[in-house]
Amino acid sequence: MKKKILRMDNGKAVHDNQNSLTAGKNGPVLMQDVQLMEKLAHFNREEIPERIVHAKGAGAHGTFTVTNDITSYTKASIFSEVGKVTETFTRFSTVGGERGSADTARDPRGFATKFYTDEGNWDLVGNNTPVFFIRDPMKFPDFIHTQKPLPDSNLKSNETVWDFWSKTPESLHQITTLFSNRGTPDGYRHMNGYGSHTYSFINDKSERFWVKFHLKTMQGIKNLRADEATRLAGENPDYATQDLFEAIENGDFPKWKMYVQIMPESEAEGYRINPFDVTKVWPHGDYPLIEVGVLELDRNPKNYFAEVEQSAFSPTNKVPGIGFSPDKMLQGRLFSYPDAQRYRLGVNYNLLPINRPKIEVENGYRNGFMRFDDNGGNRPNYEPNSAGEPAEASETKEPPLGVCGDANRYGYDSDENSDFAQAGALYRVMPENEKEDLIGNLAYSMRGVDEEIIKTQLEYFYMADEDYARRLSIRLGIRR
Ligand code: NDP
């Protein structure tokens, strides 16, 4: 076979890739060494902006196979028949740390899957936790600032973290998960994934259902205790990345079973819990898990940058039969995710091979930086047009969603206990050894934090569960 020749970007063959072009043996390098200039200039531009959150991640290709019929709830073609297989790409991540940070940090884990369905791409962009710290997107940049280094010292600060949480009582439920051992999962294969937000399903009768997605690990839940996580952060900061890559390389393909919880549209109004509040779960006793299918990861990326770094997930990517909900955090993400991708990758990020739908996409979007396909050729770049295509698909219309009310900036109802009840329920679900680790992890994080902040926070723990607050107070050496 003919050897591939080393070439410059314009195709010119390179005859020497070891020595710069100089004026004489020891002379300065010549400007006309365009090969060197190109090489250095390209190298300078290898890094792109890292994600402001979820910067450190790992990913893999896979499949989703339907195992149970849910067509009475959704007409989404991905679920149209038992046995149907759809290609996927999944990216796992930590949230707060930079691209080089440790995989075992105490942090929620991102769990994002792109389903390349035959009706376009559907992204389920969730976490390994069913809830979140806040429920209004207005608070998101402030919250993330507390997870990042301080402006002066560039050091992370527990005081800042707890200061914000003490002023944000709805965070207690997520705090309880974060400081349990589920806040330090043993790699990405042994944790669950949750859509977290409430989404909607629409069936072929145009009926709407509210839906929560769950992906339960079939490897079993496995977590690290704090001391192990800390040790691994030093010994192998890429612990989870390596674990995922090697498992797949060895043919030990990780799997998750997808379930949904389904709420008929009309039940939302009277439900005792606001079903669009992402700081709350829907208890299984109220809305049991319904099996849907299996996600299996069976192929590693061949190129990390092209497939993992350039993968761009967004909850805006949905398909007919799947819709949004009034969840305010979800609504905020519908802006911020595609905005982040345009910033990171440019306006044509959906044309990148990893993000491109597997079906033909025809629309009037044209030009922009790095438009590297035929840019729509000479086909119409406006619609409607006399050619009659691309044509609107009116059959994919969603049923109308009734909304009313005065435009205002609304807080949530001040039923105080509602912010703490589920944190307490979670505490009580934990076996004794996990409770003990939770208390220890919290106390460790709160060491040295201002006493007033701790006192406020302890009130919240008390409202969640008396035993929870009592044990934490004792561990902190504070008498209530
Ligand atoms: P259930 O007893 O029906 O469910 C408890 C849930 O908690 C299970 O999904 C289980 O998931 C999960 N769980 C078990 N042990 C732990 C642990 N140590 N740390 C974190 N999660 C754990 O009760 P409810 O549905 O009424 O929920 C009770 C509490 O459980 C909630 O307040 C919430 O905090 C938590 N939870 C609820 C979920 C839901 O969607 N209803 C989902 C996840 C957590 P697993 O199979 O993964 O162990």
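The exercises below work through a strand, a ligand site and several salt bridges in a predicted model.

**Exercise 1. Determine whether strand β1 is buried or exposed, and which strands it pairs with.**

Step 1. Begin with accessibility, for which a residue counts as buried when its relative accessible area is under 20%. Strand β1 covers residues 57-66, and nine of its ten residues are buried, so the strand is largely enclosed by the rest of the structure.

Step 2. Turn next to the pairing with strand β2 (residues 85-94), which is joined to β1 by nine bridges and runs antiparallel to it. To locate this pairing in the model, take G59, whose bridge partner in β2 is R91.

Step 3. Then examine strand β9 (residues 290-299), which also runs antiparallel to β1 and is joined to it by six bridges. Here a useful point of reference is V66, whose bridge partner in β9 is G293.

**Exercise 2. Describe the shell of residues around the ligand and the polar contacts that the ligand makes.**

Step 1. Establish the shell, which consists of 18 residues, the closest being H173, N192, K216, H284 and E434. By residue class, the shell divides into nine nonpolar, six polar and three charged residues.

Step 2. Inspect the contacts to backbone atoms, where a nitrogen atom of the ligand is 3.0 Å from a polar backbone atom of W282, and an oxygen atom of the ligand is 3.0 Å from a polar backbone atom of Q422.

Step 3. Add the side-chain contact of E434, in which an N or O atom is 2.5 Å from a nitrogen atom of the ligand. As for coverage, the ligand on its own has 790 Å² of accessible area, of which the protein covers 76%.

Step 4. Assign the shell to elements: those that give two or more residues are β7 (208-217) and α9 (421-429). The largest share, four residues, comes from α9.

**Exercise 3. For the salt bridge between K56 and D103, work out which parts of the chain are tied together and whether each residue is buried or exposed.**

Step 1. Check the geometry: the closest N and O atoms of K56 and D103 are 2.8 Å apart, and the pair belongs to a structure that holds 34 salt bridges.

Step 2. Place both residues in the chain. K56 lies in the loop between α1 (34-44) and β1, while D103 lies in the loop between β2 and β3 (109-117), so the salt bridge ties together parts that are 47 residues apart in sequence.

Step 3. Apply the cut-off of under 20% for buried residues. K56, at 6% relative accessibility, counts as buried, and D103, with a relative accessible area of 2%, is buried as well.

**Exercise 4. Examine the salt bridges of K114 and K255, and then identify the residues of the salt-bridge network.**

Step 1. Take K114, which forms a salt bridge with D123 whose closest N and O atoms are 3.0 Å apart. K114 is buried, with a relative accessible area of 0%, and D123 is buried too, with a value of 1%.

Step 2. Continue with K255 and E296, whose side chains meet in a salt bridge at 3.8 Å, N to O. This pair links distant parts of the chain, with K255 in strand β8 (residues 255-264) and E296 in strand β9, 41 residues apart. K255 is partly exposed, with a relative accessible area of 31%.

Step 3. Finish with the network of salt bridges, which links E432, E436, D467, R470, R471 and R475.

Terms used: Residues are numbered from 1 along each chain as its sequence is written. This is a predicted model: local features need pLDDT of at least 70, side-chain atom pairs count only at pLDDT 80 or more; totals for chains, interfaces and linings use all residues. Side-chain values use heavy atoms; hydrogens and water are left out. Buried means under 20% relative accessible area, exposed over 50%, partly exposed in between (1.4 Å probe, protein chains only). Two strands pair if DSSP finds at least two bridges between them. A residue is near a molecule or strand if one of its heavy atoms lies within 4 Å of it. A polar contact is a pair of N or O atoms within 3.5 Å; within protein, one must be able to donate a hydrogen and the other to accept it, and residues adjacent in sequence count only if both atoms are side-chain atoms. Accessible areas come from the Shrake-Rupley method with a 1.4 Å probe; for residues, only the protein chains shown count as cover. Ala, Val, Leu, Ile, Met, Phe, Trp, Tyr, Cys and Pro count as nonpolar, Asp, Glu, Lys and Arg as charged, and the others, Gly among them, as polar. A salt bridge is a side-chain nitrogen of Lys or Arg within 4 Å of a carboxyl oxygen of Asp or Glu.
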